[in-house]
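Me: I am new to this structure and should like to learn how to read it. Could we begin with the strands?

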Amino acid sequence: MNFIEIKDVVKQYDGHLALDHVSMDVPEGIIYGLLGPNGAGKTSLIRIINMITKPDSGEVMLGGKPLQPEDVAQIGYLPEERGLYKKMKVGDHIVYLARLKGLDKATAKKRTYEWLKRFDLTQWENKKVEALSKGMQQKVQFIATVIHEPRLLIFDEPFSGFDPVNAEQLKQEILRLKEMGATILFSTHNMESVEAVCERITLINSARVVLEGRVDEIKQTHKKNLYEIEQVQCREPLPACENLYSIEKETGHSTLIRLNEGVASRDVITWLNEHVELAGFHELLPSMNEIFIETVKKLNK
Amino acid sequence: MKKLGLIIKREYLSIVAKKSFLVMTFLIPIVIVLCMLIPFLLTKMNNDSATEKQNVTIIDETGALAQAVKNTPLFDFVTLKGDDGKKTEAHEFYKKAGESIDAIVVIPANVLEKPEVTVYSENTVSPALLKHLEECLTDTLVGAKIQGYNVPELKKIIDDCDVELEVNSVKWDANGNENSSSTTAAMIFGMILSFITYMFVIMYGAMIMNSVIEEKTNRIVEVIVSSCTPFQLMMGKIIGVALVGLTQFALWVLIIGAVMGITGLSVGGVGTDGIGAILQAISSINITYILICFVIYFIGGYLLYASLFAGFGSAVDQASDASQFSTPIIMIMLIALYAGMACMENPNGSMALWCSIIPFTSPIVMMVRLPYGVPFAQLALSIVLLYGTAALMIWFSARIYRTGILLYGKKHSVKEIFKWLK
């Protein structure tokens, strides 16, 4: 079942088209990547899902029903441009944001304490936000995003500004939330993080959806029949076989070959086994980064 | 509604907990009271200081006038008779007396023909002494001169001719009954109310603007508006700041009252006569009626201007860029204040009439007109217009606000901002 259904959404700002008939379906309980270069329209779409702005036309359904103002309690949003009130105390700040999302005071306080404990921030509870380091402030922002246990979590460039240690901790938390049943929408142009966590993606470029589907399927359809071959005698050059493959690149210990159209990898392995002593044979799938760059470049031509 | 309450509470507490709020709240009334009391205190201190008492010797060549000069807490007078027919050598006398006297006053024998008295001293002669001598001697000299004409009852005739005109103002109500009103008190009262409105709106309007800009530069605003509507956030801010203002105002009244009470007692009743007179004068105006109107206009005017400050505040990224929008708003307020002052001269003139009906100036100008009485129809029209415009401005600002708070990194012209209204 699709948890979010975006149907034919159009949004225009002051003569500039930010979303041009965008449709997108996000199944429940997965991590979904919303990709695109800067200015493609990702943030505009996210703001529409968050009901910060209204679409000019089109519709957004949440759990099968059109979005209602009360639905904000079901959504947690960590914007790209995020901040906190510098003069507020850490504990009070989280409780305030939690209560704005509809939690009652007692629950908000209880969960704030639990989350601060989880992130090892309890000794900061009564300090002002401005006293925290940037990494700690980002943890506080994360807590505020998830504290009301929303069914839908939207992260806009969540890892920007995080150091590797904190980014890893954040990633683990996001995966844990997914295990607990939340649907996660992940907006980014950082492709490595997409490959690591997303099951499905939508790629937006210049206000339009240009690519959509499961990450593994997209990789399959974009593969270029590239294989990496390793030999036991690594100094020997790989013999050529024009019927089966062409050699793309030779490095010290491996060779990159491209299989000819219609040739099965099994046949190549058989042929190679007769000629050299194989140590490795891997298919090279394109990275999401390459697919992203390739797709966007092709469209911009 | 619950969210609005939360926002109001946060807005209120965030300002009230600031040190600057506490300092302003407690310092300003003390400064005001001190400014009011320092003149009284100084005068009193001056009169009390026994150590500075001066000895003054009067050499009276006429032998009759010096008794008119009475001792005061500041000056002790000793009278000597001058040598008959001989000009007094004041300096020689002074040298002989040494340091025991501070000044010598010489009243010459021909003072009636040529009214001149001289004070000699090694130090600068205090103005208080000159004033005291003038007061004491003038009447005596006038009396002596009048007597010199030998006309019976002349003094009485002259006193009788001394006319001081008093102009009273009497206002008729609808039934032609007389209502005596104190014009001066009405004027002052109205002016104070309009000045309070002006000060409050500018101070707290700027506070709202800064708070909006702060949220924007903090980048907190997008998190907040994903939980509530931009309109709730803006109204929460406006109402929260209004409550801060009311708290501060109430504290000021309390503190000023308390400090006045304490210092008033220690000063020993100085000024209480004056305050009593003012209170009496004010009570001749219909104070409840005016205060109710004040509250109505005050809220309307505050909403009108505060929403403008919030709307335009959302269009800038930094507090330093805010002046291009806040200056015009403050200019309108200033015009209203000057119009109010001008209307004091002629509270029923056509300028006063129009300025008290136009919504942008009416909260200030109407305060000046109210104590003189305003026809009900005009009052009703002006209030309806004010609240209508305030509602329109809130709508207008809310539309600017919801767009402005999410746009970063660019300066926006007024023309662009008007496009956001669509």
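Reply: Two strands count as paired if DSSP finds at least two bridges between them. In this predicted model, four strands of chain A form an open sheet with antiparallel pairing, in the order E2-E1-E4-E5.

Me: Which strands stand at the edges of the sheet, and why is one side of each left without a neighbour?

Reply: Strand E2 (16-27) and strand E5 (65-66) of chain A are at the edges; each has a single partner strand, so one side of each lacks a neighbour in the sheet.

Me: How many bridges join strand E1 to strand E4 of chain A?

Reply: Strand E1 (residues 2-13) and strand E4 (residues 57-62) of chain A run antiparallel and are joined by five bridges. As one case, A:Lys7 has A:Glu59 in E4(A) as its bridge partner.

Me: Which strands does helix H1 of chain A lie across?

Reply: Helix H1 (residues 42-49) of chain A lies across E1, E2 and E4 of chain A, and runs at about 60° to E2(A).

Me: How should a single residue be read, and where does A:His282 lie?

Reply: A residue is buried under 20% relative accessible area, exposed over 50%, and partly exposed in between. A:His282 lies in strand E14 (residues 278-284) of chain A. Its relative accessibility is 37%, and therefore A:His282 counts as partly exposed. Leaving aside neighbours within four places in sequence, A:His282 is in contact with A:Leu226, A:Tyr227, A:Glu228 and A:Glu230.

Me: What does the secondary structure of chain A come to?

Reply: Chain A has nine helices and 14 strands. Of its 301 residues, 49% are buried.

Key
Residues are numbered from 1 along each chain as its sequence is written. Chains are lettered from A and ligands numbered from 1 in the order in which they are written. This is a predicted model: local features need pLDDT of at least 70, side-chain atom pairs count only at pLDDT 80 or more; totals for chains, interfaces and linings use all residues. Side-chain values use heavy atoms; hydrogens and water are left out. Helices (H or I, at least four residues) and strands (E, at least two) are DSSP runs, numbered from the N terminus. Contact means heavy atoms within 4.5 Å. Axes are lines fitted to C-alpha atoms, for helices over the stretch in contact, and angles run from 0 to 180 degrees between N-to-C directions. Buried means under 20% relative accessible area, exposed over 50%, partly exposed in between (1.4 Å probe, protein chains only).
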